[in-house]
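User: Could you take me through the empty spaces and the greasy surface of this protein? I'm in my first year, so please keep it relaxed.

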Amino acid sequence: DKYNSSTANDGDVRPESVVGSGNGLTTTNKEINPWWEVTLGTSVVIDSITIYNRDLVHGWCTDNLGGNCSRKLKGFRLEIFNGEDANAVFTYNDASLDDPGLIILITTVPSGTIGDRVRISLPNKNEHLVLIEVQVFSYENPSLVPSTMRTQLPSVIPSNRPSVVSLTVSSYPSLF
């Protein structure tokens with residue numbers, strides 16, 4: 001499935017300009033308040049998050065957005081959740097005036113933020129949510145794991161190494 005929601009955490013950060021238009025990305029249906037979420041499998045201390053956005057410039061984006069397709073992510077919201085609580089433990093609202101950029105570094109996560117899910121959404125928009133890759137940098141226990149041993153989640157783990165956590169990726173209400 002070309003636009004599968006798991007494409008945004010397959011470890012491939014190559015932009016569309018390298019892999020080709022429409023390749024290496026995940027997208028939701030066009031809907032009100034579209035969102036994508038990754039479940040980390042266990043609660044971890046989240047240090048930072050990196051979002052890889054589209055880099056493509058083509059006719060539709062130029063005609064409708066005035067430039068790069070990365071502008072479609074303008075105004076996105078990133079939320080960290082922990083457990084069954086419906087309230088986010090951390091929320092980042094994109095304040096970019098024009099374009100959030102190609103590589104978006106979320107480094108404002110407060111020290112010690114614990115979460116087991118990360119959600120990216122386009123609140124109050126009737127739009128497709130399109131992502132290339134989302135990387136969550138975290139560690140399981142800050143008192144036991146030195147900062148030099150932090151784990152990047154999600155990541156592609158070689159088959160000869162055990163996975164630290166299991167990942168479930170969702171895009172609701174529509175799945176591709």
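Analyst: Let's begin with what counts as a patch: its residues each have over 30% relative accessible area and no salt bridge, and nonpolar side chains are joined within 5 Å. Keep in mind that this is a predicted model.

With that in hand, look at Leu102, Ile103 and Leu105, which together make a nonpolar surface patch of about 290 Å². Leu105 sits in strand β6, a stretch covering residues 103–106. Is Leu105 buried or exposed? Exposed counts as over 50% relative accessible area, and Leu105 has 56%, so it is exposed.

Now for the gaps. Rolling a probe the size of a water molecule over the atoms shows where empty space is left. Searching the whole structure turns up one cavity of 30 Å³ or more. The largest cavity holds about 40 Å³ of space. Its lining includes Asn53, Arg54, Cys69, Ser70, Lys72 and Leu73, and further along the chain Leu122, His128, Leu129 and Val130 join in. Sort that lining by character and you get five nonpolar residues, three polar and two charged.

What about the largest pocket? About 160 Å³ of space lies in there. Ten residues line the largest pocket, and those nearest its centre are Arg54, His58, Lys72, His128 and Val130. The pocket's lining splits into five nonpolar, three polar and two charged residues. Some names come up twice: Arg54, Lys72, His128 and Val130 line the largest cavity and also lie among the residues nearest the centre of the largest pocket.

Conventions: Residues numbered from 1 in each chain as written. Predicted model: local features only at pLDDT ≥ 70, side-chain atom pairs only at ≥ 80, totals over all residues. Heavy atoms only, no water. Patch = residues over 30% accessible without salt bridge, like charges linked within 9 Å, V, L, I, M, F, W, Y side chains within 5 Å. Areas by Shrake-Rupley, 256 points an atom, 1.4 Å probe, with all protein chains shown as cover. Salt bridge = Lys/Arg side-chain N within 4 Å of Asp/Glu carboxyl O. Helix = DSSP H or I, 4+ residues; strand = E, 2+ residues; numbered from the N terminus. Buried < 20%, exposed > 50% of the residue type's maximum accessible area, 1.4 Å probe, protein only. 1 Å grid on protein atoms, 1.4 Å probe; cavity = no way out; pocket = protein on both sides within 12 Å on 5 of 7 lines; lining within 4 Å. Points joined across faces, edges and corners; volume = space filled by probe spheres on them. Nonpolar A, V, L, I, M, F, W, Y, C, P; charged D, E, K, R; others polar.
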